[in-house]
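Please open the model in your viewer and keep the sequence panel visible. The stops below proceed by selection, each followed by a description of what is found there.

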Amino acid sequence: MRSLSTTGFPRYLGGAIVASAAFVALYLFFVRTLHGQTMDQLAYDGSIFGRRSVTVVTQQVLDQVPTVSVVAGAVITGIITAVRRDLRTLVVALVVALGAVVTTQVLKDMLLTRPDLGVDGYAGNSFPSGHTTVAAASALAVFLVSSPRTRWLAALLGSAFAALAGVSTLANGWHRPSDVIAGLLVVAVWGCAGGLALGVWGASPSRLRARPRGQRFVAGNADPETGGGPLAPVRGTPAIGYRTQLWFVVPFCVVAAAAFLVTFFGASGPNNEAVIAYVGGVAAICAAGSLVAFVATHLFDRLP
């Protein structure tokens with residue numbers, strides 16, 4: 001029997017707790033407080049800036065986001081599964097993806113409410129975003145079935161796709177920024193649940209090897225357990241994967257934080273506040289997506 005530490009229980013549980021806490025904090029501030037609603041609505045109002053680029057064709061494409069996400073995710077997941085011959089991971093990936101979508105709908109339609117605090121705009125609850133959740137859940141399925149060496153790329157591309165879907169809903173006037181980020185966080189929680197399930201259910205010596213904390217197999221280095229050389233099969237994320245993801249994480253986080261502070265303290269003036277809030281919302285969505293991808297790559301680094 002494998003110990004909880006070798007199945008990755010602490011890291012996946014910690015990831016789920018952090019994502020859940022971020023979700024709750026996001027809801028309490030942007031949905032339940034006057035200042036949060038005002039900032040979120042400013043970004044929504046500023047989306048007219050982005051809506052100018054949304055043509056009739058783009059509108060039709062956005063309408064197909066759920067269908068495209070499901071179909072593309074299913075095809076890519078199926079191909080990878082056929083190549084890797086790993087049905088266990090496929091089952092887990094499908095369950096957590098479906099669980100994320102269902103959770104979002106239950107939260108939005110049945111459990112969470114949006115109080116009327118006198119802020120102009122759509123008064124109904126739209127937190128979290130269903131479109132974003134579907135896109136991110138499809139990306140999660142692909143991420144889970146991918147090989148350790150390519151998982152970082154699946155995370156990067158998948159988060160980019162989910163963020164693009166989320167930004168599109170903002171630009172099209174369907175959702176506020178907090179709705180989109182909340183959808184990403186729902187998927188993140190279910191992703192951690194999937195990691196734990198794979199660690200327990202699929203944890204055989206040939207599939208999951210415990211490694212000292214912080215130790216990774218990097219391209220060009222010998223395997224510390226088998227002594228394999230640069231051409232030997234290598235597990236883990238290559239260093240270029242983390243560096244590439246950071247190139248996206250840092251700039252988006254900086255822009256999002258700056259825009260948040262400017263909007264929070266009202267330092268931009270009435271003429272520019274909506275545009276700055278919108279730009280900040282877009283940057284926050286991209287930052288959340290890239291950060292989730294970066295953290296997920298670290299969390300799943302030991303999973304074969």
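Which residues make the nonpolar surface patch of about 400 Å²? Select I48, F49, V255, V275 and V279, and the patch will be displayed. Please note that the model under inspection is predicted. Two helices, α3 (48–51) and α11 (273–299), each supply at least two residues of this patch. Within the selection, centre the view on F49, a residue of helix α3. With a relative accessible area of 44%, F49 is partly exposed, because that category lies between the 20% and 50% limits.

**The whole chain**

Now colour the protein chain by secondary structure. Eleven helices and zero strands will appear, and the order along the sequence is accordingly α-α-α-α-α-α-α-α-α-α-α. The chain has 304 residues, of which 47% count as buried.

**Helix α2**

Next, select residues 34–46, which form helix α2. From the first C-alpha to the last, its 13 residues reach 18 Å, close to the 18 Å expected at 1.5 Å a residue. Display the side chain of T33 as well: T33 caps the N-terminal end of α2, with a side-chain oxygen 3.1 Å from the backbone nitrogen of G36. G36 itself is among the buried residues of this helix, as are Q37, M39, D40, Q41, L42, A43 and G46.

**The annotated transmembrane regions**

An unreviewed UniProt entry lists "transmembrane region" for residues 12–30, 65–83, 90–107, 127–145, 152–174, 180–203, 246–269 and 275–300. Two of these spans may be selected in turn. Residues 127–145 are 84% helix and 0% strand, and their end C-alpha atoms lie 29 Å apart. Residues 152–174 are 87% helix and 0% strand, with 30 Å between the end C-alpha atoms.

**Two backbone features**

At the start of the span 127–145, zoom in on F127 and P128. A cis peptide bond joins these residues, with omega at about 0°. P128 belongs to the loop between α6 (87–111) and α7 (130–145). Then move to R85, in the loop between α5 (65–84) and α6. Although R85 is not a glycine, its phi is positive, at about 55°. Both features merit a pause, because most residues other than glycine have a negative phi, and most peptide bonds are trans. Is R85 buried or exposed? Its relative accessible area is 76%, so R85 is exposed.

**Two buried side chains**

Select T169 in helix α8 (residues 151–171). The relative accessible area of T169 is 2%, which means that this residue is buried. Which backbone oxygen does the side chain of T169 reach? The partner is the backbone oxygen of G166, at 2.5 Å.

For the final stop, return to helix α11 and select S290. S290 is buried, with a relative accessible area of 7%. A polar atom of its side chain lies 2.9 Å from the backbone oxygen of C286. To follow both contacts along a helix, recall that an α-helix has 3.6 residues a turn, so residues three or four places apart point the same way. Helix α11, which holds S290, also supplies at least two residues of the nonpolar patch with which the tour began.

Key: Residues are numbered from 1 along each chain as its sequence is written. This is a predicted model: local features need pLDDT of at least 70, side-chain atom pairs count only at pLDDT 80 or more; totals for chains, interfaces and linings use all residues. Side-chain values use heavy atoms; hydrogens and water are left out. UniProt positions are given in the numbering used here, feature names are shortened, and annotations may be inferred rather than shown by experiment. Helices (H or I, at least four residues) and strands (E, at least two) are DSSP runs, numbered from the N terminus. The expected span of a helix is 1.5 Å times one less than its number of residues. Buried means under 20% relative accessible area, exposed over 50%, partly exposed in between (1.4 Å probe, protein chains only). A polar contact is a pair of N or O atoms within 3.5 Å; within protein, one must be able to donate a hydrogen and the other to accept it, and residues adjacent in sequence count only if both atoms are side-chain atoms. Patches are made of residues with over 30% relative accessible area and no salt bridge: like charges are joined within 9 Å, nonpolar side chains (Val, Leu, Ile, Met, Phe, Trp, Tyr) within 5 Å. Accessible areas come from the Shrake-Rupley method with a 1.4 Å probe; for residues, only the protein chains shown count as cover. A salt bridge is a side-chain nitrogen of Lys or Arg within 4 Å of a carboxyl oxygen of Asp or Glu.
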